[in-house]
Amino acid sequence: MGSEIIRTEGLSKYYGDGEALVKSVDQVNLSIWKGEITAIVGKSGSGKTTLLHMMGGLEPPTKGRVLLDGSPLYEMNDSRRTKFRRERIGFIFQKFQLIPDMTIRQNLQFPLDVAGKKKDKAFEEELISMLDLEDRLGFYPHQLSGGGQQRAAIARALLLKPDLILADEPTGNIDEAAGQELLKFILRSNEKYGQTFVIVTHDMAAAGMAHRIVRLKDGMVQPDSGEENRRGHV
Ligand SMILES: Nc1ncnc2c1ncn2[C@@H]1O[C@H](COP(=O)(O)OP(=O)(O)OP(=O)(O)O)[C@@H](O)[C@H]1O
């Protein structure tokens with residue numbers, strides 16, 4: 001067993017109140033282990049996206065904590081949390097849009113410039129070819145299909161080689177063959193760079209390649225989740 005990269009303690013997000021109270025995520029104690037691919041599965045509305053957003057520092061919880069490498073994310077001020085997030089986490093989210101007035105090439109370059117990171121040319125070429133973006137680099141996001149935009153967003157996130165990648169339905173908008181290629185790439189990238197992936201998915205092929213599957217139901221982690229129960233922490 002490796003070390004924890006993320007730990008959630010009593011993590012909860014509630015919306016509304018009284019009869020309209022929705023416990024989107026309810027008392028989740030979860031450890032994400034460094035270097036593992038964890039899939040989060042569950043029915044629509046079970047709280048997967050909310051949990052992923054809270055783990056990524058994007059959504060303050062109603063109760064509980066998120067520790068990223070031991071640092072409590074929501075006890076930092078906003079600017080420190082943003083910096084921490086930018087340096088450590090890659091997001092593949094459907095709502096995380098590309099910058100509209102930049103070409104795809106500029107969209108891929110921009111986060112590297114912000115982070116002051118040098119790009120790995122060979123890795124970039126591999127990504128662009130795998131995601132079939134060669135002919136799209138000079139286009140603006142609105143000139144691409146939804147799937148094309150998603151592929152560009154995937155390339156943008158992976159190019160930074162973050163330690164931790166949070167992905168919400170990464171194969172959701174792309175065709176099956178591209179989805180399979182992407183899963184293979186995730187596996188290779190995980191093996192080669194020891195990156196940690198947390199993937200919310202409905203896709204059984206995506207869940208099947210994970211080292212561990214966490215099941216959510218009504219905002220709670222199901223007790224049979226994961227292959228083992230690690231010190232009371234799922
Ligand atoms: N901003 C919000 N305001 C009110 N309720 C919300 C909000 N965001 C999420 N919810 C509710 O919280 C619950 C969990 O939503 P969430 O999107 O996390 O589920 P999910 O498992 O990701 O669903 P899906 O697979 O359909 O994306 C749902 O009942 C949803 O309606």
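Two strands pair if DSSP finds at least two bridges between them. Helices (H or I, at least four residues) and strands (E, at least two) are DSSP runs, numbered from the N terminus. The model is predicted: local features need pLDDT of at least 70, side-chain atom pairs count only at pLDDT 80 or more, and totals for chains, interfaces and linings use all residues. Residues are numbered from 1 along each chain as its sequence is written.

**View 1. The whole protein chain, with 7 helices and 10 strands.** The radius of gyration (over C-alpha atoms) is 18 Å. The globule rule (2.2 Å times the number of residues to the power 0.38) gives 17 Å for 234 residues, so the chain is as compact as a globular protein of that length. Along the principal axes, the C-alpha atoms fill a box of roughly 50 × 35 × 35 Å. Of the 234 residues, 39% count as buried, that is, with 20 or more other C-beta atoms, placed from the backbone, within 10 Å of their own (exposed: 12 or fewer; partly exposed: in between). Contacts are pairs of residues whose C-beta atoms, placed from the backbone, lie within 7 Å. Among contacts between residues at least 6 apart in sequence, 71% join residues at least 24 apart.

**View 2. The shell around the ligand.** Shell residues have a C-beta atom, placed from the backbone, within 6 Å of the ligand. They are Tyr 15, Val 22, Ser 24, Gly 42, Ser 44, Gly 45, Ser 46, Gly 47, Lys 48, Thr 49 and Thr 50. Two elements, β2 (22–33) and α1 (48–55), give two or more residues each. The largest share, 3 residues, comes from α1. By class, the shell holds 2 nonpolar residues, 8 polar and 1 charged. Here Ala, Val, Leu, Ile, Met, Phe, Trp, Tyr, Cys and Pro count as nonpolar, Asp, Glu, Lys and Arg as charged, and the others, Gly among them, as polar.

**View 3. Helix α1 and the strands it lies across.** α1 is mostly covered: 8 of its 8 residues are buried. They are Lys 48, Thr 49, Thr 50, Leu 51, Leu 52, His 53, Met 54 and Met 55. The helix lies across β3 (37–41), β7, β8 (196–200) and β9 (212–217). It runs at about 150 degrees to β8. Axes are lines fitted to C-alpha atoms, for helices over the stretch in contact, and angles run from 0 to 180 degrees between N-to-C directions. Gly 57 follows α1, with a positive phi near 80 degrees.

**View 4. The open sheet of 6 strands.** The strand order is β6-β7-β8-β3-β9-β10, with mixed pairing. β6 (89–92) and β10 (220–221) stand at the edges with a single partner strand each, so one side of each has no neighbour in the sheet. β6 runs parallel to β7 (residues 164–168), joined by 4 bridges. Within this pair, Ile 89 stands opposite Leu 164. Helix α5 (residues 146–159) lies across both β6 and β7, running at about 170 degrees to β6.

**View 5. The surroundings of Val 198.** Val 198 sits in strand β8. The residue counts as buried because 26 other C-beta atoms lie within 10 Å. Leaving out residues up to four places away in sequence, Val 198 touches Ile 32, Thr 38, Ile 40, Leu 52, Met 55 and Leu 166. Ile 40 is 158 residues away from Val 198 in sequence. In space, their C-alpha atoms are 7.2 Å apart.

**View 6. The open sheet of 4 strands.** The order is β2-β1-β4-β5, and the pairing is antiparallel. β2 and β5 (71–72) stand at the edges, each with a single partner strand, so one side of each is left free of a neighbour in the sheet. Antiparallel β1 and β2 are joined by 8 bridges. Lys 13 stands opposite Val 25 in β2. The hairpin of β1 and β2 has 6 residues between the strands, and Gly 16 takes a positive phi near 70 degrees there.

**View 7. Strand β4 and its partners.** 5 bridges link β1 (residues 4–15) to β4 (residues 63–68) in the antiparallel sense. Ser 12 has Lys 63 as its bridge partner, Glu 9 stands opposite Arg 65, and Arg 7 is partnered by Leu 67. Leu 67 also stands opposite Pro 72 in β5. β4 and β5 pair over 2 bridges, again antiparallel. Their hairpin has 2 residues between the strands, and Asp 69 in the turn has a positive phi of about 50 degrees.

Note on methods. Contact = placed C-beta atoms within 7 Å.
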